[in-house]
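Please look through the following model with attention to how its chains are arranged and how they meet.

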Number of protein chains: 2
Amino acid sequence: MALRNALLAALIDRESSGYDLAKKFRVSVANFWTATPQQLYRELEKMESDGLLAARVVKQERRPDKRLFSVTEKGRAALHAFTRQEPKPTTVRDELLVQVEALAHADVPSVRASIVSQIARSRERLAAYQRSLAEILGARSEEEFVRTGNRIGPYLTLQRGISFERENITWGELALTILDRRFGAAS
Amino acid sequence: MALRNALLAALIDRESSGYDLAKKFRVSVANFWTATPQQLYRELEKMESDGLLAARVVKQERRPDKRLFSVTEKGRAALHAFTRQEPKPTTVRDELLVQVEALAHADVPSVRASIVSQIARSRERLAAYQRSLAEILGARSEEEFVRTGNRIGPYLTLQRGISFERENITWGELALTILDRRFGAAS
DNA sequence: CCTACCTAGTCACTTTTTTTACTATGCAAC
DNA sequence: GTTGCATAGTAAAAAAAGTGACTAGGTAGG
């Protein structure tokens, strides 16, 4: 029931295939919701049979046919109803932080390496979010956009993603510094 | 298998009851892992029967008896093994951001109210994390602690929690400002 | 005296999520 | 010529997580 709302939000402005959505969930929606492609396909089926989405098959020449989903009136109403509810508190699952919490009992070089990869992932995501942001800003300045733009929602969620990844990078660098100072010079 | 590691990390330094852990998950572990009390009790049982934890019953005078769990050698080894693995990428689930993403199709006053409550929740958590931080710092300055303290892991995860909640507050305030400017003066 | 909240759990049921594997075609690089 | 990646999915089972209700005594406030 929760993924459902994330899908409605992702589909509301643009008809998409499951495959498109899987990509979108990897690059921008990941910011506030995660789901595997399998989850998406299953949920899309259910949403169609519940009348929230309409599907049409598009034949393609040099690739498999695809099914494009769009939000129906009923889906639109469901999304509106969802926005009237109190949202559940954010849940986070971060295995890297579990490893860091257990640092005193951990394999420190491994954890260090994981922090390094996480910094790299965050840099990639940050760049992706910034590209998306540039796309929705178009030629407008940020200030002009917040006065006149019409994609305020995505703008705000991207801002949250950007600050989140920035903090991830800053934190990771702090962690590396402290680790190296305390657990011997690292590789 | 993932909650399991979070529990090992939470228990490694201090024997605790399920109830203690439920509190800890509400106030500090929530920073990087969330779980309901039911989940905890269930997982603790399984971990005990898998030999990762040892339990002992403590009789109490004016309250129900409790079972205190502690990490066994096997549990310690499992935790160490976990820290050698590449952690799975962070997953986030934030219904409020789903609502904001759908802003153009949302009930704006409701979403605004939800942002206000989220700011309040973040302030509370921020305060809780700062209290925990003060506790592990003790009388030492932060600088001294990172040179000589022994709870570096929890220190780092708390820092991450603190910056996360700070960013939540900053973002929420930005969002309110923009909403009010664009969707009419609010309450 | 009543209400509400704290400690310390257990049980049953449902929903969600994850895991693993499989089907096809096309394109580009080596 | 085959390896790897992109497109565009499907299927089934297992594991994990969430929901709601219930037990039971204690403490604090008005």
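**How the two copies meet**

Of the interface residues of chain B, 100% are also interface residues in chain A, so the two copies meet through the same surface (residues being in contact if their C-beta atoms, placed from the backbone, lie within 7 Å). This is a predicted model, in which local features need pLDDT of at least 70 and side-chain atom pairs count only at pLDDT 80 or more, while totals for chains, interfaces and linings use all residues. Residues are numbered from 1 along each chain as its sequence is written, and chains are lettered from A and ligands numbered from 1 in the order in which they are written.

Chain B is superposed on chain A (by least squares on the C-alpha atoms of residues with pLDDT of at least 70 in both) by a rotation of 180 degrees with 0.0 Å of shift along its axis, at an RMSD of 0.1 Å. The two copies are thus related as by a two-fold rotation axis, and the residue of chain B that comes closest to this axis is Val92(B), at 2.4 Å (C-alpha).

Val92(B) falls within the range of β4 (91-93) of chain B, and strand β4 (residues 91-93) of chain A pairs with β4(B) in the antiparallel sense over three bridges, where strands are DSSP runs (E, at least two residues), helices are runs of H or I of at least four, both numbered from the N terminus, and pairing requires at least two DSSP bridges. Within this pairing, Arg93(A) has Thr91(B) as its bridge partner.

The contact as a whole takes 56 residues from chain B and 57 residues from chain A, and α8(B) gives the largest share of the chain B side, 15 residues.
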